[in-house]
Amino acid sequence: MLNTDFRPGAPDWLDLSSPDTRASVDFYTALFGWTFDSAGPEAGGYGFFQLDGRTVAALGPLAEEGTPPGWTLYFATEDADRTTALVEQAGGRVRFAPFDVFSAGRMAGYTDPTGADFAVWQPHDTRGLDLVTAEGSLCWTECYSIDAERAKTFYRAVFDWQEQDVPLGEVMYTVLTPAGGGTDDAHGGILQLSPEHTARGTGSHWLPYFEVPNTDAALAIADTLGATVRIPAMDVHGVGRLAQLVDPHGAVFAVITSAVPGA
């Protein structure tokens, strides 16, 4: 379960890059009940999605023309420069080198050896997201990889994540926990992309999950707002009811109504 302790290696931020930030604000505020707070003109169009005044995600324009829209997950680090060195040593690519974001923190962006983009956040004044796991906020992260074993080796070297392989239907799912964490600190998973998906050109990527009170109701709202369904709603025993969506600009994300423990 995600929490705001932000142990090193745990997800601590996420943002959306959009070719039309105004339209994205309209879509996500209508879907999740968020509000949007601009960071001001000096931030270049960047701002924060909030729920009851607490930041749950962020939004900014595309870094450069032609960059695909998408959600980027950030993982906590105590030293972005050291993490950058570990990424390079493990065979990853540095998309942008560490730099300071005013006094808020220090960030860097990477691509893992299988092609999935991610980033890190080293906190200063801003520790990370204000709210996770609750309805309307980030509750899980998932890496779909064209080479799951290679991805696991890479992230193990960079973040020292703990892993537990569990069967999920016909595939093996690797549950991820920050170093030194317990079972309750699990924050995500890694799984192998199927040949069917790779044949359609789906590459390695990280996928954020947002908790919703009713997955089917969320899908109905998303449909009226112009989203498309990537994976229809399904029940996963002990996990909950989930679905994957593509927003009107092409960014993928998932929604879930988590199962009640013991129910």
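These notebook entries record what I looked up in a predicted model.

**Entry 1. The sheet with strand 2 and strand 6 at its edges**

I began with the strand order. Eight strands form an open sheet in the order 2-3-4-1-5-8-7-6, and the pairing is mixed. Strand 2 (35-38) and strand 6 are the edge strands, each pairing on one side only. From one strand to the next, the twist averages 25°.

I then examined the edge at strand 6. Strand 6 and strand 7 (residues 105-111) run antiparallel and are joined by six bridges. I noted one position in this pairing: Arg93 is placed opposite Thr111 of strand 7.

I also asked which strands of this sheet helix 3 touches. Helix 3 packs on the sheet through contacts with strand 5 and strand 8, and its direction makes about 10° with that of strand 8.

**Entry 2. The sheet with strand 10 and strand 14 at its edges**

I traced a further open sheet of eight strands, in which the order is 10-11-12-9-13-16-15-14 and the pairing is mixed. Strand 10 and strand 14 each have a single partner strand, so one side of each is left without a neighbour in the sheet. Ignoring direction, I found that neighbouring strands here are turned by 25° against each other on average.

At one edge, strand 10 and strand 11 run antiparallel, joined by seven bridges. Within this pairing I located Leu168, whose bridge partner in strand 11 is Val171.

For the helices I recorded two placements. Helix 3 (residues 148-159) lies across strand 9, strand 10, strand 11, strand 12 and strand 13, and runs at about 145° to strand 12. Helix 5 (residues 215-224) packs on the sheet and touches strand 14, strand 15 and strand 16, with its direction at about 15° to that of strand 15.

**Entry 3. The hairpin of strand 14 and strand 15**

How many residues lie between strand 14 and strand 15 in their hairpin? I found three residues between them, and Gly238 in the turn has a positive phi of about 80°. The two strands pair in the antiparallel sense over six bridges. Across this pairing, Asp235 stands opposite Arg241 of strand 15.

**Entry 4. The largest pocket**

I next looked up the pockets. The largest pocket holds about 1600 Å³ of space. Its lining comprises 49 residues, and those that lie nearest its centre are Trp140, Glu142, Tyr173, Val239 and Leu242.

Which strand gives the most to this lining? Strand 10 does, with six residues. Among the other strands that each supply at least two residues are strand 9 (138-145), strand 11 (171-177) and strand 15 (240-246). By residue class, I recorded 25 nonpolar, 18 polar and six charged residues in the lining of the largest pocket.

**Entry 5. The second largest pocket**

The volume of the second largest pocket is about 1400 Å³. It is lined by 44 residues, and I noted Asp15, Ser17, Thr72, Tyr74 and Phe96 as the closest to its centre. Strand 1 (11-18), strand 4 (54-61), strand 5 (70-76), strand 6 (93-101), strand 8 (117-123) and strand 13 each supply at least two residues of the lining. I recorded the classes as 25 nonpolar, 14 polar and five charged.

I noted that strand 13 also supplies at least two residues to the lining of the largest pocket.

**Entry 6. Salt bridges**

Side chains of opposite charge can pair when their charged atoms come close. I therefore looked up such pairs, and the structure holds ten salt bridges, a nitrogen-to-oxygen distance within 4 Å being the cut-off. One of them joins the side chains of Arg22 and Asp26, at 3.2 Å from N to O. Where do Arg22 and Asp26 lie? Both are in helix 1 (residues 21-32), four residues apart, which is about one turn of the helix.

How values were computed:
Residues are numbered from 1 along each chain as its sequence is written. This is a predicted model: local features need pLDDT of at least 70, side-chain atom pairs count only at pLDDT 80 or more; totals for chains, interfaces and linings use all residues. Side-chain values use heavy atoms; hydrogens and water are left out. On a 1 Å grid over the protein atoms alone, a cavity is a set of points where a 1.4 Å probe fits but cannot get out, and a pocket is an open set with protein on both sides within 12 Å along at least five of seven lines; lining residues have an atom within 4 Å of a point. Grid points are joined across faces, edges and corners, and a volume is the space filled by probe spheres set on the points. Ala, Val, Leu, Ile, Met, Phe, Trp, Tyr, Cys and Pro count as nonpolar, Asp, Glu, Lys and Arg as charged, and the others, Gly among them, as polar. Two strands pair if DSSP finds at least two bridges between them. Axes are lines fitted to C-alpha atoms, for helices over the stretch in contact, and angles run from 0 to 180 degrees between N-to-C directions. Contact means heavy atoms within 4.5 Å.
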